[in-house]
Amino acid sequence: MSRRRRQIYEGKAKILYEGPEPGTIIQYFKDDATAFNAQKREVIDGKGVLNNRISEFIFERLGGIGIPTHFIKRLNMREQLVRQVEIIPVEVIVRNIAAGTMAKRLGIDEGTQLPRAIVEFCYKSDELGDPLITEEHIAAFNWAGPQEMDDIMAMALRTNDFLSGLFAAVGIRLVDFKLEFGRHYENDMVRTVLADEVSPDTCRLWDMKTDDKLDKDRFRRDLGGLVEAYQEVASRLGILNKSEPQKGGKPVLVKSDRAEAANSGEKK
Ligand code: 5GP
């Protein structure tokens with residue numbers, strides 16, 4: 001991989017580089033952890049590798065049930081090739097159980113089962129701290145059109161149903177998560193696709209038996225053991241091979257044929 005490729009954007013947890021072909025981007029997963037709008041930050045060895053693998057797994061599964069995504073293929077331990085999209089400046093949060101900012105805002109005990117899945121929207125702005133907004137703001141400021149909002153709602157709820165089942169099958173409760181969507185332009189056509197990442201950085205995942213947190217709240221709340229928790233998620237999803245010795249506490253990754261082909265530069 002050329003070291004001279006052009007950097008397009010550096011975010012808190014990822015760097016985007018120009019991809020090998022027009023309309024493609026390389027998404028690099030950093031080890032940096034940030035919280036509270038980057039007021040708290042730390043480098044956590046191994047986090048980027050795990051998020052790359054977990055997000056790949058989830059995007060491939062979502063693609064498999066017909067949800068259009070930006071994901072093309074994983075390139076190596078820290079990078080994936082994705083389609084270039086215009087990011088819609090709205091973060092979509094889906095909640096099944098009260099936690100985090102919603103529990104605080106409404107004075108509901110964390111862990112309370114919600115009567116139905118609740119979708120919230122935040123305006124994507126680091127300067128403003130991603131404020132909560134309504135569909136009225138989205139329409140009035142034309143951040144997304146009515147058709148895009150229909151597509152986003154349908155994809156967010158379908159993703160929630162699918163991922164709730166996927167995680168429940170491995171003893172994990174999907175408490176809430178954040179999605180980002182983008183516009184993919186292709187031959188005069190524009191399509192709304194799921195973008196960014198879906199990983200323990202962007203979801204709340206609780207162990208069903210113990211209620212242990214297996215997500216970024218371990219960092220936000222100074223609980224420690226973040227990499228071990230992400231490894232546990234990867235291992236339960238069948239991404240990590242737990243039986244292999246974990247040299248130096250680093251994750252041992254199971255290599256798929258497809259990943260090996262991608263690593264050797266072979267085109268699939
Ligand atoms: P809350 O609003 O409770 O802080 O977050 C709700 C869910 O969305 C959590 O799973 C959280 O990880 C995710 N989330 C919301 N905003 C962001 C964000 O800016 N970055 C990341 N990584 N996750 C977010």
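**Exercise 1. Count the helices and strands, then gauge burial and contact range.**

Step 1. The protein has seven helices and 13 strands. These are DSSP runs, numbered from the N terminus: H or I of at least four residues for helices, E of at least two for strands.

Step 2. The model is predicted: local features need pLDDT of at least 70, side-chain atom pairs count only at pLDDT 80 or more, and totals for chains, interfaces and linings use all residues. Residues are numbered from 1 along each chain as its sequence is written, and side-chain values use heavy atoms, with hydrogens and water left out.

Step 3. Of the 268 residues, 51% are buried. Buried means under 20% relative accessible area (1.4 Å probe, protein chains only).

Step 4. Take contacts (heavy atoms within 4.5 Å). Among those between residues at least 6 apart in sequence, 56% join residues at least 24 apart.

**Exercise 2. Describe the largest nonpolar core.**

Step 1. A nonpolar core is a set of buried Ala, Val, Leu, Ile, Met, Phe, Trp, Tyr and Cys residues joined through side-chain atoms within 4.5 Å. The largest one has 49 residues. Val 92 and Phe 167 touch the most other members.

Step 2. Find the sources. Elements that each supply at least two residues include helix H1 (47-64), strand S9 (113-123) and helix H6 (226-236). H4 gives the largest share, seven residues.

Step 3. Recall the background. In soluble globular proteins, nonpolar side chains tend to be buried together.

**Exercise 3. Place Leu 163 and explain why it counts as buried.**

Step 1. Leu 163 lies in helix H4 (residues 146-168).

Step 2. Leu 163 counts as buried because its relative accessibility is 0%.

Step 3. Leave aside neighbours within four places in sequence. Leu 163 then contacts Ile 58, Leu 62, Leu 174 and Val 198.

Step 4. Leu 163 and Leu 62 are 101 residues apart in sequence, yet 8.5 Å apart in space, C-alpha to C-alpha.

**Exercise 4. Characterise the shell around the ligand.**

Step 1. There are 16 residues around the ligand, each with a heavy atom within 4 Å of it. Arg 95, Thr 101, Asp 176, Arg 204 and Arg 220 come nearest.

Step 2. Sort the shell: four nonpolar, three polar and nine charged. Asp, Glu, Lys and Arg count as charged; Ala, Val, Leu, Ile, Met, Phe, Trp, Tyr, Cys and Pro as nonpolar; the others, Gly among them, as polar.

Step 3. List close atom pairs. A backbone N or O atom of Asp 201 lies 2.9 Å from a ligand nitrogen. A polar side-chain atom of Arg 204 lies 2.9 Å from a ligand oxygen. For Arg 220, a polar side-chain atom lies 2.9 Å from an oxygen atom of the ligand.

Step 4. Taken alone, the ligand exposes 500 Å², and the protein buries 82% of that. The areas come from the Shrake-Rupley method with a 1.4 Å probe.

Conventions. Polar contact = N/O pair within 3.5 Å; in protein donor to acceptor, adjacent residues only side chain to side chain. Buried < 20%, exposed > 50% of the residue type's maximum accessible area, 1.4 Å probe, protein only.
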